[in-house]
Structures are given as C-alpha cells and as structure tokens.
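Q: Please take one sheet from this structure and look at it closely. Then follow its surroundings outward, explaining each term as it comes up.

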Amino acid sequence: MSWHGTVEGIYLASNAAEPLVEIDKVKLVVGLGLEGDRYFHKRGTFSKKPKPGREVTLIEAEAIEAVQTNYGLDVTPADARRNIVTRGVPLNHLVGRRFTVGDATLIGIRLCEPCTHLTKLVSGDFRKALVHRGGLRAEVLEGAEIHRGDVLRPTDPHEPAALRTGSGVIP
C-alpha cells in the first residue's frame, strides 16, 4: 500500500443532530477524538452506546462526488456527518491499520456504514448511496493538531495488523 492522500475538510458539531461546521484545524486527543466535537463531549447521538471507533470518522471526497453524480443528489461533505473528508485515500483498506494524519496517528477500527440517523437528517437516498463507501471509524493513538491540507498515509503498509495494534488481535 504505497499511497498518500490529503485532508480536504474537517467538520464538527457541538451537539447531536446539529449541522456540521467546517473548520481549518482541530486538535485530536487520545481517547476523546476531535476537540470540540459532539462525541468529544459525549453529546453525540450514539454517545450513550459506547463502542470502539466513535472518536473520529472519515469519508472520501470521491464518494460524496460519486453520490452527487451517480444519484443526482444535492449533498455537501457536511451532510455525510463525518469529521474528516479525505482525497486520494482508500479508507476501506485502513480497517485494522495505523495511519497518520499530519502529526497524529490513528487506527482504523471499522467501516462507517450509513445509519438510519442519516436518513432522518438528510435523506434515505443519501444513506443508500453511501452503503460500503460511507467511510471509516477510527481511534486516536497519538494526538496532535491537524489542518486542512495535511497528508494522510499508512504508517507501515507491510506490517501485520495484529502487530500494529499491539494486542495481537485486530480491534
């Protein structure tokens, strides 16, 4: 896996169901996610259902563009309700892998399939269009401030996932 991509956008919402707001930079904090986001403050829709992978969500700009083109939906990156919009990144390939965003290190936990909550906030067609390309859920391993335009890349593409997590088990 020899590629790198970029952070095209960073989005936060202070509370559940509020519209996401685009920002230029944010601090990623181990165990909490994006400083100022609804899940950082345990005010997200699913905050009362703790599960690994709620710290950071990512989605490919290319997936949003495909939804606009192929489904004719008038949607924005903020409508996807993901924190980080990337370009040039095969996010589905990062499940169980460490990767860097700027100076921060994250690990992909699982795919971020669209949920019924997205249907309520945007539309059912948008949810259907994002199946299997709804992004990635990740956790912060090493925090840092990240910025729009930062490079995103896998840490060691040849290292087995079990060694990267240190647990011997893919989360």
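A: **A three-stranded sheet and what surrounds it**

Three strands form an open sheet in the order 4-3-10, and their pairing is antiparallel. Strands here are DSSP runs of E with at least two residues, helices are runs of H or I with at least four, and both are numbered from the N terminus. Two strands count as paired if DSSP finds at least two bridges between them. The edges of the sheet are strand 4 (33–34) and strand 10 (144–147), each of which pairs on one side only.

The model is predicted, so local features need pLDDT of at least 70 and side-chain atom pairs count only at pLDDT 80 or more, while totals for chains, interfaces and linings use all residues. Residues are numbered from 1 along each chain as its sequence is written, and side-chain values use heavy atoms, with hydrogens and water left out.

Strand 3 (residues 25–29) is joined to strand 10 by four bridges in the antiparallel sense. Across this pairing, Lys25 faces His147 of strand 10.

Strand 3 also leads into the interior. The largest nonpolar core has 23 residues, and Leu28, Val56, Leu58 and Phe99 have the most contacts inside it. Such a core is a set of buried Ala, Val, Leu, Ile, Met, Phe, Trp, Tyr and Cys residues joined through side-chain atoms within 4.5 Å. At least two core residues come from each of strand 1, strand 3, strand 5, strand 7 (98–101), strand 8 (104–111), strand 9 and strand 10. If neighbours within four places in sequence are left aside, the contacts of Leu28 (heavy atoms within 4.5 Å) include Gly33, Leu34, Val56, Ala104 and Leu106. Val140, Gly143, Ala144 and Ile146 are also in contact with Leu28. Apart from this core lies another, of 14 residues, with Ile64, Leu73, Val75 and Val85 among them.

Strand 5 (residues 56–60) is largely enclosed by the rest of the structure, because four of its five residues are buried. Buried means under 20% relative accessible area, exposed over 50%, and partly exposed in between, with a 1.4 Å probe and protein chains only. Strand 5 has an antiparallel pairing with strand 9 (residues 136–142), made over three bridges. Within that pairing, Thr57 has Arg137 as its bridge partner in strand 9. With strand 6 (residues 84–87), strand 5 pairs in the parallel sense, over three bridges. There Glu60 is bridged to Thr86 of strand 6.

A right-handed β-α-β unit is made by strand 5, helix 1 (residues 61–71) and strand 6. Right-handed means that, with the strands pointing away from the viewer, the path from the first strand over the helix to the second runs clockwise. In helix 1, the buried residues are Ala61, Ala63, Ile64, Ala66 and Val67. Just after this helix, Gly72 takes a positive phi of about 65°.

Charged side chains add further links. A salt bridge is a side-chain nitrogen of Lys or Arg within 4 Å of a carboxyl oxygen of Asp or Glu, and the count comes to six by this rule. One of them joins Arg87 to Glu8, with the closest N and O atoms 2.5 Å apart. Arg87 lies in strand 6 and Glu8 in strand 1 (residues 5–12), so this pair ties together parts that are 79 residues apart in sequence. Arg87 is partly exposed at 28% relative accessibility, and Glu8 is partly exposed at 33%.

Glu65 also forms a salt bridge with Arg87, where the closest N and O atoms are 2.4 Å apart. This pair links distant parts of the chain, since Glu65 is in helix 1 and Arg87 in strand 6, 22 residues apart. Glu65 has a relative accessible area of 34% and is partly exposed. Through shared partners, salt bridges join Glu8, Glu62, Glu65 and Arg87 into one network.

Another salt bridge pairs Arg38 with Asp37, the closest N and O atoms being 2.9 Å apart. Arg38 counts as buried at 6% relative accessibility, and Asp37 counts as buried at 1%.

For the wider setting, the protein chain has four helices and eleven strands. Of its 171 residues, 44% are buried. Among contacts in the chain with a separation of 6 or more, 73% are between residues 24 or more positions apart.
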